[in-house]
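Work through these short exercises with the model in view. Try each task before reading its solution.

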Amino acid sequence: MILSTLVFLPVLFALILALWPQKNMIRPMALVFSLIHFAVGLIVFQDFDTSTAQLQFVEKHMWIEKFGIQYFLAMDGISFWLVQLTTFLAPLIILASWNSISEKVRGFHICFFILQSAMLGSFLAFDAILFYVFWELSLIPMYFIVGIWGGSRRIYATLKFFIYTMAGSVLMLVAIIYMMYLTQQAFGQMSSNLLDFYKLSIPFIGSDFFSMQTLLFFAFALAFAIKVPLFPLHTWLPDAHVEAPTPGSVVLAGVMLKMGTFCYMRWVLPLFPEASEYWAWIFIMLGVIGIIYGALVAMVQPDIKKLVAYSSVSHMGYIIIGLFVMNHQGLQGGLYQMLNHGISTGALFILIGMIYERTHSREISQYGGLASVLPNFTIFFFIITLSSIAVPLTNGFVGEFLILLGVYKASPWAAGFAVTGVVLGAAYMLWMFKRVFYGEKGPLVADEKHPLIDLNVREFVILVPFVIMVFVMGIFPNHFLKYSEASIDYLVKNKSSYQLTIKGEQ
Amino acid sequence: MSQTALMSILLASPLIGFLINGFRRKHHSANVSGIIASVAVFISFVAAVLFWLELQGMAPESRSILVNYGSWMNVESLSINFGFLVDPLSSLMILIITGVGFLIHVFSIGYMHHDKNVAKYFAYLNFFIFNMLILVLGDSLVTLFVGWEGVGLASYLLIGFWFTDKEKASAGMKAFITNRIGDAAFLIGMFIFFVSFGTLNIQELNALAPTVAESTWLGVATLGTLFLFIGATGKSAQIPLYVWLPDAMAGPTPVSALIHAATMVTAGVYLIIRMNPVFLAAPNTMMVIAIIGVLTVVLAASIGITQNDIKKVLAYSTVSQLGYMFLACGVGAFTAAFFHLMTHAFFKALMFLGSGSVIHAMHEEQDIRKMGGLKKYLPWTHLTFMMGWLAILGTPGFSGFFSKDEILWMSWHSPLGHWSLWALGALGATMTAFYMTRLMALTFWGKSRVPKEIHPHESSPIMLFPLVVLAILSVVGGYVGIPHVIGAILPGHPENILAGWLGNIVKPIPGITEADAAMEWTLMGVSVGLATISAFIAYTLYVNKQEAVQSFTNKIKPVYELVYKKYLVDELYFGYIINPLVRLSENIWAYIDVRFIDRCTYWAGDLMKGGGSFVRSLQNGNLQSYAMYIGLGLVLTLTFVMMR
Amino acid sequence: MNFTVDMGDLLLTSPLIALFIASLIPLTIKVLKGNIEQKPIATLTQALLGIIAAAGLLVSFGGEGNTAFNSVLVFDGITLWTGLIALAAGAGALILMFENPATRGTQFSELIFLTLSSILGMLILISALDLLMIFIGLEMMSLSLYLMIGMSHEQRLSKESAFKYFVLGSFASAIFLFGISFIFGSSGQTNILQLLESTVQLAQGNQLFLFGIVLVTVGFCFKVSIAPFHAWTPDVYQGAPTPHTAFMATAVKVVSFAAFLRIIAMKPLVGSESLFDILQWLAVITMLVGNTAAILQNNLKRMLAYSSIAHSGYLLVGLLAAGISNNGSFAASGVIFYLFAYSLMTIGSFALVSMMEKTEDHSLDVDDLAGFAKRRPALALCFSIFMLSLAGMPPSIGFFSKFYLFNAAIGEGLIWLAVWGVLNSVISVYYYLRPIVVMYMREGDADVSHAGHFATAITIIVTAALTLLLGVVSGPLLALVEASLV
C-alpha cells in the first residue's frame, strides 16, 4: 500500500486544501503536508532491497478487465531515487513559493499537489495505460501553474508547453494500443501490463524504417524526447521556464523533465532493444548537439532564467547520451545526472526566484556587483554553480564523469564532442556569474531606494538542504548508486530479453 | 600515530582552517585569520615531515604509504577510491606545498593586513592547500583530478579576490575556463586509459603501460598521454593555453607566489613525473612535450623582456621556467624536471613575495618604469630578491644553476633529446638572464624614478621572515642534486641525493649512455657564459644607458610592439575563437531557435488556422451554398463508390 | 400477412407510449385550464417524470433484443443504451429550457410537448428495424425540432436557423428516402433483419442496391454532420436557443449515430470497399474541418458546434471499425460509450453557456468568460473539466472514450485513422484550452447571474462529476454495454 499512499496522498492533501475554510492556513498546511509526504517516502528506504532488480512494493489490481488494464504500481532501482527526489523537492518548493505566489494561494497548492501525484504515478506505474493517464495528467496542473501564476507571456508559453508535450504523447498512445494488440496475439489476452510488454518480441528489420519495432520505438521516443527536451524539440522549454513562476520552474526542471529521461530507461530501452541499439546514433547525435547547442545558446542569453533553461537543454543532452550508450557507467551516470539536475537546476531556479523577488528583473545586464551586497546569497549561488558545472566533489561531477566515461566506451567521437560541454558549461555559468555578481554595481544593485537584503531565515532553510545534497551526492555517490545498481546491471546484461519479475513471486 | 590518522591530520587541517575562516568571514582581523590559516598549514607541514621521516625509515624499494578512506565511485568495473599515496615523490611535493605554503601564509598576514575580507582570503588559501594536497596524494587519476579542478577553483576565487574590479573578475574567469579546456582533455585522457587498461589507478597504470610501448601516433599510450599533456598545458600554462597565467597576476601577490609560481602551475609537471612510465611508453608524446616545453621557454622569455609590470615579468618568467620543466620531462629527465620544480618553487616564490614587498612599499604601484633605486629603501627585500635573481640566472653554486644545468645537459645528452633543444634552452637561459637583470636594474638599481608622493618603506618583519627563509632555500636548495661531474671534483664526492631518493619512482631513460664529462663541462660553460654576458649587457643598458634602449626599441618598433603585446595571442584567441563563438551562438539562437524551429511550430499552427479560415470562408451562411455542398458531396461520393 | 398486437409488443413499446402520454399532459392541462400556462416547474416535473418512466420501462422490458410489431421495432442493446442516453440528454436539455430566457415563458407547455415528441421520434428511430420506420422516426424527431427552434423568443437567428435546418433537413430526408427506394427496388426488402443476410452480396454485385446504400449513408452523414454535409451545423447550433442546441448536439446526434450504426451493422462496408474508403476520407476531412474551423471561432456555441463536427469525425472512425469488425460488438460498444461520454460533456458545456446567457439575444463569446474563475470557481472548474475531457485528457471520460474508440479502430487495422484522430485531438487542444485560458488567466468581470439557474448549475456539477468519475470506472460500464450488444 505504500506506493498507493505515496501517489494518492497528495490528492488527499489537495482535497483538504480545497475544502479548508481559513485561507491563511493554506501555506503552513501545505508545508506540513509536503513534509509528511516526504516522510512517507522515506519509509521506502527501510524495506527496499538493493540486491535485486525485481519489482518491489508491488500493487496490482485489475482495473479494466476487458483490455487487461491494471492498476499496477511498483518500484525498482530505477525509479527509487526519482521518487525520493520528487518528495524531497516538494517542501522546498512550497517554501520557495511563500512569497512569490501571493494570489490564489489555495489554487496553486492544489495544482502543485495534483502535479506531485501525477509525477509520482508516472514514475511508479507499470501499466501502460495507467502510466499514460498519469503522464498526461501531469500536464494539466503544470499548465495552470504556468498559465495563472506566470509572467507576462504566460499564456503563450503555457499553451506551447501543453501542445508540444501532448503532440508527442498522443502517438505514444497509439503505439501503446498497438502493443496491447500484440500482447493479445502473443498471449491470448489483451494486456497493457508493462511486464507483458517486456515479454513481447517485436519484429525488427534494421534497414526498414517502417518495420514495426522501429515505428513503435519512435512513437515512444518522440513523446519522451519532447519532454526531455531533446534538440530540436526543445523550444518550448525556455519559454515555459521564463514565464513560469519560481516553483513552477523548479518542478519543471527538477522533476518533470526527468519523466522523459526516466521513461527512456523504463520504456524505450527495454521494450525496443534492437531499435534502440540501431537508432541509438540519432539520439547520441542529438544529445551531443543538444549539449553544445544548449550551452552556446545559454551563453548569449540576456535573461538569467532563460540561460538556466538552455543550460537544462545542455544537461539533459548528457543524460540522453548516457542512456543510449547502454552500458553501466552511461546508465548509472544518466540516472545520477537526473538527480543532479533536479537538485542543481532546481536550486538555481529558486535562487533566481529569490533575486527576482528583490529586484523584479532577470536582465543580466542590469546586475553586477551583487556579491558585495548579498554575500550569503552569493555563496549559495556559487556552490550551486559549481554543482552545475560539475566540479569534483559536487554531485554534478559524478554524473558527468560516469556519463562521459560510458559514452567514451561506446563512442569515443561522441564523448569527444560532448566533453566540450564541460568547457562551455563553465563558460556560460561563470560568465553569467561574473556579470551578475562581480564588477561594478549595476543599476539594480546600486539602487539606493531599494537596498537589497541578504537571505532571510526561510531562504536559508530552503537552500541548505540543496547544498547538503550537492556535497553528499558528490562525496558519497555509492550510497545513491547502490540503489540502482542491480536494476541497471540487469538492464545492461539482459537488454534484449528484459523480463522483470515481481519480488516474492516464484 | 597511525598512517591513517596522520593522513587525516595532513588533509583535514587546511580544510578545517578553510571552514573556520569561511564561517567567520565577516571578521576583519588579519592577525587572527592569518594565524588560524597559518597554523593549519603548519600542522600539515609537520604531518608532511613526519611522513617523510617515516619513508626515510623504510627500505628504498618499499617506500610507499597508501591510505584508503574507502570507495568513492563504484560502477561495475570502474572503482575509484579515496586513496592517498605517499611515496618519495609525493612526500617531497607535500613538503614543498606545505612548507612554501606556510611561508606564504605568514607573508600574507602582513601583506593583507589592511584588506577587509581577509578571513575570506585565508579561507581560500587554505582551501587551495587542501586541494593541492589531494592533487598530489591522489592515488588514481580521478582523485588527482579532484585536486586538479579544486586548485583551479581556488585559483579562480583568489585571482578574482578583488572582484569589484571587472578586470580582475575576468582574469579569474579566464583562468578557470582556460583550465577547463585542459581539464576536458584530461577527462578524455582518463577515458582512454580506462577503456584500454580497465583502471585509473596511477600505480596500476604505471605498471601496465610499459607493456604497450609503441611508436605510433594513435596508440593507446600515445593518445592517452597526449590528452593528459593537453590537460597539463592548461594547468601549467604552456603553449597554447598559457594565456591565463599573466592575467592571473590580478590576484593578491602572495597568491601569485603560492599558486601561480610555486605549486599549482607545477601540477602538470608533477602529473607527468607521476606517470613517467606511461609517458616513457609513448616516445611521440615525449617529443611533443619537449618541443612544446622549449618553445614555451623561448616565447615566454621573449615576452618577459618587454614587460613593464613587475608581476607580469615574473609571470612570463614562470611560464618560461615551466617550459624548462616540460623540456626535461620531454627528454625523459624526470628527476631534473622535479629538481627544477623544487628550486623554482623556492626562488620564484621568493621573487614573487619580494615583488609583493616592493608593491606593498610602492603603494600598489607595479610599473617598474616608476621604480629604480629601491635598493636603499628596501635593503632586505633587495638582498633576498637578489638571491632569487642569482638562482634563476643559473649562477654557479645557486640552486637554479644545478637544476637548469641538468635540464640543458639532458636535453643534449638524452637519447630523446636533440642539439636544437639544447640550443633553444640555452637561448632561453640567455634571455632569462637578460630580462631578470633588467627587472633588477629597473627596480632596485640605478636612479630612482619613484614618484614624489610615494615614500617606499621596508616591509614588516612578518613579511621579511618568509623572504629570508626562501632566500636561504634558493641558495642551498640546489645541493640536493649536485650533478655527477661536479660531484666528482668536489671533496667527499657528494652523491645526487634527489636522484637517489626518486630512484624507484623515476624510470631510467631507455638507451641512455654514459655521460661524456668533457662535453658536459663544455655545455655548462657555454650556457653560463652566455647568461653572464647577457646579464652584463642588461645591467649596463638598464642601469646607465636607458636612452640607448629607448632609441633601439624605437628603431625596431613593429617587432618590439609585437613582442610587447605578447605576440597578439590574446587578440588572436578573442578575434578568431571567442568572439566568433559568441557571435555564432547569438546567430544560432536567433536563426535556429527563434527563426527556424519556432517558425516551424508557428507554421504548423498557421496551417491549421489557414485550414480553419478556408472552412470558414465556405461557411457563408448561404442556404444555397450549403445545399450545393450537400449535392456536390453526394455526387462525389456516388461517383467514387459507383465508378470503382 | 397477419398483424396481431400482443401483450409483449405493448410491453416492449411501453416506453414510447409512456413518453407519448407524458408529452400530452402539460398541453392537456393547459387546454383544460383555458389556455393558461401552469407553473413551468410543474410542466417540467411532468415531463421529467415521463422521461423517467420511459427510461424505467426501457430498462425493465427492453434490451434483450426482442422485436415488436412483426419485427419493425427492436429493443436490443443499442436501443437500450442509446435510448437511455437520449432520454438523459433530453432531460438535461429540458432543465436548460426551463431556465434559459430564450425558451422559458408562455409557450413552455408546447415546447415540452415538442421536445417529448422529438424524443419519442428518437426512440422510434433507434428501435426501428425497418428502413421506413427509421425514416418515420427521423422525420418525427426532426419536424419537432424544426418547430422547437422556430418557436423560440429569440427573433432573427433562430428563425433563420430553423428555416435552414428545415430546408436542408428535408433535402437530406429526400435523399434518404430516395435511397430506401433503391434498396427496396433492388432487394425487395426494407426490413433490416432480412437485409442483414444479403447486404454483403448485394453491395458487391448490385449497383442499384449500392446506390441506395450510398444515398442512405449520405442521409445519415447529414444528420450526424459529417463533412461536407455538415454546413448546417454551425449556423443552426449557433442560431438555435442554447438548450435546443444542447439537445441537438447530444440526443439527436446519439440517436442518429445509433441508427447509422444499424445500417452499418448490415455490413455494406464489407461488401463495398470503395464505400469504406470514401467514408474513411470523410472521417479524415470531418475531423480536420471541425478542428481547424473551431480554432478560429470566438463564439462559444459556434466553437462547440465545430467541436461537435470533429467528434462526429472520431465517431465515424469507430463506426467504420464496427462496420468491418468480426470481433463481436467491441467496436459498436466503443461507439456507444463514446456517444455517452460525448453527450455528458456536451450537455455540461452547453449548460454553462445557457447559464451565462442573460437575454434571449445574447450570444456568448469566449472572451466573455474572462474572470469567470474568480466569480464562480466551482463552475469554472466544471467547465475546465468538460473542455479537457473533450480534448481527451486523462483521467476524464473523454480520454477513456477516445481510448476505446481508437482501440477498436486499431484492432481493425485502421491505424492511420487512429493516428489521424489523435493528432487531431492535439489540434483540438488549442481551442479547448482557450476558454480555460480566458477563465483563469485573464482579468475580467464575467457576467454571471446568480439567480434563476439553480437546476442548470446542478446539471453542470453533476455532469462534471460524472465526467471525471465515470472515466476512472469506465471499465464495467463498457463491459455492460458490450454484453448487451451481443
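**Exercise 1: the fold of chain C**

Chain C has 21 helices and two strands. Here helices (H or I, at least four residues) and strands (E, at least two) are DSSP runs, numbered from the N terminus. This is a predicted model: local features need pLDDT of at least 70, side-chain atom pairs count only at pLDDT 80 or more, and totals for chains, interfaces and linings use all residues. Residues are numbered from 1 along each chain as its sequence is written, chains are lettered from A and ligands numbered from 1 in the order in which they are written, and side-chain values use heavy atoms, without hydrogens and water.

Task: why is chain C as compact as a globular protein of that length?

Solution.
1. Take the rule: 2.2 Å times the number of residues to the power 0.38, with the radius of gyration taken over C-alpha atoms.
2. For 486 residues the globule rule gives 23 Å.
3. The radius of gyration of chain C is 21 Å, close to that value, so chain C is as compact as a globular protein of that length.

**Exercise 2: burial**

Task: what percentage of the residues of chain C count as buried, and what percentage in chain B?

Solution.
1. Buried means under 20% relative accessible area (1.4 Å probe, protein chains only).
2. In chain C, 67% of the 486 residues pass.
3. In chain B, 61% of the 644 residues do.

**Exercise 3: the box of each chain**

Task: what are the spans along the principal axes for chain C and chain B?

Solution.
1. The C-alpha atoms of chain C fill roughly 65 × 55 × 40 Å.
2. The C-alpha trace of chain B spans about 120 × 65 × 55 Å.
3. Chain B holds 26 helices and two strands.

Notes:
Buried means under 20% relative accessible area, exposed over 50%, partly exposed in between (1.4 Å probe, protein chains only).
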